[in-house]
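Reader: I have a protein chain to look at, and I would like to learn how its parts are held together. Could you take me through it step by step?

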Amino acid sequence: QLQAFGGGLVQAGGSLRLSCAASGRAFSNYALGWFRQAPGKERELTAGISWSGGTTYYADSVKGRFTISRDNAKNTVYLQMNSLKPEDTGVYYCAAGRYGLSSRETLYDYWGQGTLVTVSS
C-alpha cells in the first residue's frame, strides 16, 4: 500500500527527490516517516512529518539538507535531499503510523518496499 521510488546513484553534492505514494487507503491522518538503513547499520528515522504537516522531525545528520513534505490530496510524501554525502547512502523506506510521529519502528503500521540511494564520492 506504500510504494517508494526516486532512488538512484548520485555524486556527492547532488540532489534526489524521493516519493512515496499510498494506495488502497487514505493516510491523511497518519504520521509519515522516511527511515534509512545504511550498509551494516540499523534502520533509523531520517525524517518524519505529522498527519497535518505541522510538525516535522529530522535526524541531526540531515538537518538543513533534507526536507520532508506531504500532499494529502495525492496521498504522497516526499523527501527532498540536497547536498548529498556518501554517508547518506542506504535503502530508504517510507512508513505510515497512526499513533503520531515517532522514531520507533514498531509504531508504524505500513511500510514501503524501500528505494536504494547511492552517493558516490
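**The disulfide and the core**

Reader: Is Cys20 buried or exposed?

Author: This is a predicted model, and the answer is computed from its atoms. Buried means under 20% relative accessible area. Cys20 has a relative accessible area of 2%, so this residue is buried.

Reader: Which residue does a disulfide join to Cys20?

Author: A search of the whole structure finds one disulfide. A pair of cysteine sulfur atoms within 2.5 Å counts as such a link, and here the S to S distance is 2.0 Å. The partner of Cys20 is therefore, with a relative accessible area of 1% and buried as well, the residue Cys94.

Reader: How many residues apart are Cys20 and Cys94?

Author: The pair links distant parts of the chain, since Cys20 lies in strand 3 (residues 16-22) and Cys94 lies in strand 9 (residues 90-97). The link of Cys20 and Cys94 is right-handed, with 60 degrees about the S-S bond. Along the chain, the separation of Cys20 and Cys94 is 74 residues.

Reader: Which strand gives the most to the largest nonpolar core?

Author: The largest nonpolar core has 27 residues, and Trp34, Phe66 and Leu79 are among those with the most contacts inside it. Leu79 touches residues including Leu16, Leu18, Trp34, Phe66 and Tyr92. Several strands each supply at least two residues of this core, including strand 4 (31-37), strand 7 (66-71) and strand 8 (76-81). With four residues, the strand that gives the most to this core is strand 3.

Technical notes. Residues numbered from 1 in each chain as written. Predicted model: local features only at pLDDT ≥ 70, side-chain atom pairs only at ≥ 80, totals over all residues. Heavy atoms only, no water. Buried < 20%, exposed > 50% of the residue type's maximum accessible area, 1.4 Å probe, protein only. Core = buried A, V, L, I, M, F, W, Y, C linked by side-chain atoms within 4.5 Å. Contact = heavy atoms within 4.5 Å. Lists of a residue's contacts leave out its neighbours within four places in sequence.
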